[in-house]
Amino acid sequence: MSAAESLITIAGLAAITIVTRSFFLFSGRELVLPERVKRGLRYAPLAALTAVVAPEILMTQGHLIDTWKDARIYAALAAAAWFFWRRGILGTILSGMAVLLALKFCLGW
Amino acid sequence: MVKGGLSVPLALLMTLTVFAGSAQLAALPLMTAHAPIWVVWATAFCVNLRFVVFSAQWRPFFLRFPLAQRVAFGYFSGDLTYVLFMRRHQEPRPGSGQMEYFAGATAINWLSWQLPSVAGILLVDAIPAHWGLGFAGVLALLGLALSLLSDRATALAATVAGAAAIAAFALPFKLNIVVAIAAAVCIGLMVDGGGDAGRRGRDTLLRLLQRRQGQAAGGAGEAA
């Protein structure tokens, strides 16, 4: 991509960020969501986050991983364990990264 | 970003304006692969769809502010701000320090995202990519997802979403995320659905099956 193209792309991405983040904030009028939609919305953010995270942990180059020697699995497990123990995001990141780096450097996974 | 072929000023501009980490992660490989611009945009839009849902839930809290302020609030509200805020505040109560909480959380979130981003862009050659430090972002999102688990219905919805996202991974534009959201919302509504949604779903399936069998029998009759 040329610099000009990159610039246009980045401007568009910034606009997309604003539009999606503020989607339901543009209109100032009352907006009543049906009960069913409200209940459904309870699951959407969780689903979106899981959908972003799961392939990052369990897939390599578009395929489900087929080995147990993948540092990411154990890093994610350690992070999840920390989260349920302490409920802190920072500790979750640090414990996961500790396991990831240990496995990568000590065992070469 | 710089490794992906962007110049340092452009990378800085991107991280400062496109305040959305997951969208950046999705868009960069496409930009370096010279994908058409609209493909990059479509992908980023799909990845950002979760913020559309978040914004619906921010609405009652922000509605009393003028448009420009609402949009600014929306722009600066990231995943972490959303999860922390919604866990603490269930309904809007003006004057109870909610907006102060939002401002503080947002400022910390913004700084702790932007400072390492800028450092990363400037130090790109000092840290080898194979260390996998990028995984820290995934772990942060993992922690956020876990903090949204509240009961069996949400746990089931999350499992379904993860499986669907992997199964549909080959779809273009990260549409697997959209598929996963749709699947999880359906499952969630079915299991928690006011007690009898599961039964209703089963009834519908049985009715369809009977009709199918009826048609098959009718068809066989005509053939004979």
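Student: What volume does the second largest pocket have?
Tutor: About 830 Å³. Keep in mind that this is a predicted model.

Student: How do you find empty space like that anyway?
Tutor: A probe the size of a water molecule is rolled over the atoms, and that shows where empty space is left.

Student: OK. Which residues lie nearest the centre of that pocket?
Tutor: Arg42(A), Gln57(B), Tyr82(B), Met86(B) and Gln90(B). The full lining of the second largest pocket has 28 residues.

Student: And which elements give two or more residues to the lining?
Tutor: From chain A, α2 and α3; from chain B, α3 (37-62) and α5 (79-88). The largest share is that of α3(B), with 5 residues.

Student: How many of the lining residues are nonpolar, polar and charged?
Tutor: The lining of the second largest pocket splits into 16 nonpolar, 6 polar and 6 charged residues.

Student: Switching topic. How many salt bridges does the structure hold over all chains?
Tutor: There are 3.

Student: Why does the pair Asp151(B) and Arg42(A) join two chains?
Tutor: Look at where each one sits. Asp151(B) is in the loop between α7 (135-147) and α8 (152-167) of chain B, while Arg42(A) is in the loop between α2 and α3 of chain A, so the pair links two chains.

Student: How far apart are the closest N and O atoms there?
Tutor: In the salt bridge of Asp151(B) with Arg42(A), they are 3.3 Å apart. Arg42(A) also came up earlier, among the residues nearest the centre of the second largest pocket.

Student: How many salt bridges are there between chain A and chain B?
Tutor: The count for that pair of chains is 1.

Student: And polar contacts across the interface, how many residue pairs?
Tutor: The rule finds 12 residue pairs in polar contact across the interface of chain A and chain B. On the side of chain A that touches chain B, the elements giving two or more residues are α1 (3-21), α2 (35-41), α3 (44-58), α4 (71-86) and α5 (89-107). By class, that side of chain A has 43 nonpolar, 13 polar and 10 charged residues.

Student: How many residues does the contact take from each chain?
Tutor: It takes 66 residues from chain A and 82 from chain B.

Student: Last one: what area is buried between them?
Tutor: About 6700 Å² between chain A and chain B, with carbon and sulfur atoms giving 77% of that area. In chain A, the residues that lose the most area to chain B are Arg21(A), Leu25(A) and Tyr43(A), together 13% of what that side buries.

Notes. Residues numbered from 1 in each chain as written. Chains lettered and ligands numbered in written order. Predicted model: local features only at pLDDT ≥ 70, side-chain atom pairs only at ≥ 80, totals over all residues. Heavy atoms only, no water. Contact = heavy atoms within 4.5 Å. Buried area = accessible area lost by both parts, 1.4 Å probe. Salt bridge = Lys/Arg side-chain N within 4 Å of Asp/Glu carboxyl O. Polar contact = N/O pair within 3.5 Å; in protein donor to acceptor, adjacent residues only side chain to side chain. Helix = DSSP H or I, 4+ residues; strand = E, 2+ residues; numbered from the N terminus. Nonpolar A, V, L, I, M, F, W, Y, C, P; charged D, E, K, R; others polar. 1 Å grid on protein atoms, 1.4 Å probe; cavity = no way out; pocket = protein on both sides within 12 Å on 5 of 7 lines; lining within 4 Å. Points joined across faces, edges and corners; volume = space filled by probe spheres on them.
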